[in-house]
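Me: I have a model open and want to learn how to read it. Can you take me through it feature by feature?

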Amino acid sequence: ACVLLFMSVSLSDFIQNAGFEIPGISIPLYLLLVCIKTVVTCFVIMQWLNEYYEISPTLIIHRKGILFRSEEKYPLNHMKKIKLDQSLLGRILNYGTISLEDAFKVEKVNLYQIHNPIRYAAILEDILPDEIESIHEVRRHLFDGENADISVT
């Protein structure tokens with residue numbers, strides 16, 4: 001923030017000395033917008049850093065929040081299906097979504113946008129009972145805008 005403030009003040013002096021005028025934009029307004037953008041960026045990063053999943057042999061715990069912490073627990077004993085969804089960009093940047101389907105509640109538990117989803121899907125397959133159905137899908141949005149599913153096992 002200090003670097004942005006310094007650069008903004010230095011740049012504004014350079015612009016005024018060079019004779020350039022930006023109509024309708026004042027330097028204090030510009031500095032205010034830079035400060036607001038910095039605060040919003042810091043808030044988004046802190047929120048992203050404080051949302052995570054813990055996987056234990058019996059539960060998946062989803063914790064999130066900065067000021068108001070919330071915790072959701074999902075038991076693994078009734079899960080019947082693991083599904084891994086990755087887009088093309090997700091394959092390149094190594095992130096994706098793992099969906100777990102509960103056998104009794106017909107409810108899906110989604111682990112959204114996690115890093116290295118193939119590794120965590122393998123960990124969940126090892127933890128869950130042997131009769132679990134595992135599906136790895138890669139969604140390709142490149143061809144004709146359709147959601148073509150490719151099964152990878």
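Reply: Begin with the order of elements. From the N terminus on, they run α-α-β-β-β-β-α-β-β-α-β-β. That comes to 4 helices and 8 strands. Keep in mind that this is a predicted model.

Me: What share of the protein counts as buried?

Reply: Of its 153 residues, 25% count as buried. A residue gets that label at under 20% relative accessible area.

Me: Now a single helix. Which residues of α4 are buried?

Reply: Start with the general idea. An α-helix has 3.6 residues a turn, so residues three or four places apart point the same way. Now the case here. Helix α4 spans residues 117-127, and Pro117, Ala121 and Leu124 are buried in it. These residues cover an arc of only 60 degrees around the axis, which puts them on the same side of α4.

Me: What lies over the face of Tyr120?

Reply: Arg119 does, at 5.2 Å from the ring centre. For an arginine, the CZ atom must be within 6 Å of the ring centre to count.

Me: And how many aromatic pairs are there?

Reply: The count comes to 0. Ring centres would have to lie within 6.5 Å of each other to pair.

Me: On to pockets. How much space lies in the largest pocket?

Reply: About 460 Å³. Next, ask which elements build the wall. Those that give two or more residues to the lining are α2 (27-49), β1 (52-55) and β6 (108-115). Strand β6 gives the most, with 5 residues.

Me: Which residues lie nearest the centre of the largest pocket?

Reply: The lining has 13 residues, and Glu51, Tyr52, Gln113, Ile114 and His115 lie nearest the centre. Then read the lining by class. It holds 10 nonpolar, 2 polar and 1 charged residues.

Me: Now the backbone. Which residue in the loop between α3 and β5 should I look at?

Reply: Look at Asn94, which sits between α3 (88-93) and β5 (95-102). Check its phi. Asn94 has a positive value of about 65 degrees, although it is not a glycine. Then check exposure. Asn94 is partly exposed, with a relative accessible area of 27%.

Me: Where is Asn116, and what is its phi?

Reply: Asn116 lies in the loop between β6 and α4. Its phi is positive too, about 55 degrees, and Asn116 is not a glycine. At 22% relative accessibility, Asn116 counts as partly exposed.

Me: Last, contacts between parts of the chain. How far apart are Ile66 and Trp48?

Reply: Compare two separations: one along the chain, one in space. Ile66 and Trp48 are 18 residues apart along the chain, and their C-alpha atoms are separated by 9.4 Å. Ile66 itself is in the loop between β2 (59-64) and β3 (70-75). Its relative accessible area is 33%, so Ile66 is partly exposed.

Me: How do I read Asn77 and Thr58 in that way?

Reply: Take both separations again. Asn77 and Thr58 are 19 residues apart in sequence and 6.7 Å apart in space, C-alpha to C-alpha. Asn77 belongs to the loop between β3 and β4 (79-86).

Me: Is Asn77 buried or exposed?

Reply: Asn77 is exposed, because its relative accessible area is 53% and the exposed class begins over 50%.

Technical notes. Residues are numbered from 1 along each chain as its sequence is written. This is a predicted model: local features need pLDDT of at least 70, side-chain atom pairs count only at pLDDT 80 or more; totals for chains, interfaces and linings use all residues. Side-chain values use heavy atoms; hydrogens and water are left out. Rings of Phe, Tyr and Trp (its six-membered ring) pair if their centres lie within 6.5 Å; planes under 30 degrees apart count as stacked, over 60 as edge-to-face and the rest as tilted. A charge sits over a ring if NZ of Lys or CZ of Arg is within 6 Å of the ring centre and within 35 degrees of the ring normal. Buried means under 20% relative accessible area, exposed over 50%, partly exposed in between (1.4 Å probe, protein chains only). The arc is that of the directions from the helix axis to the C-beta atoms. On a 1 Å grid over the protein atoms alone, a cavity is a set of points where a 1.4 Å probe fits but cannot get out, and a pocket is an open set with protein on both sides within 12 Å along at least five of seven lines; lining residues have an atom within 4 Å of a point. Grid points are joined across faces, edges and corners, and a volume is the space filled by probe spheres set on the points. Ala, Val, Leu, Ile, Met, Phe, Trp, Tyr, Cys and Pro count as nonpolar, Asp, Glu, Lys and Arg as charged, and the others, Gly among them, as polar.
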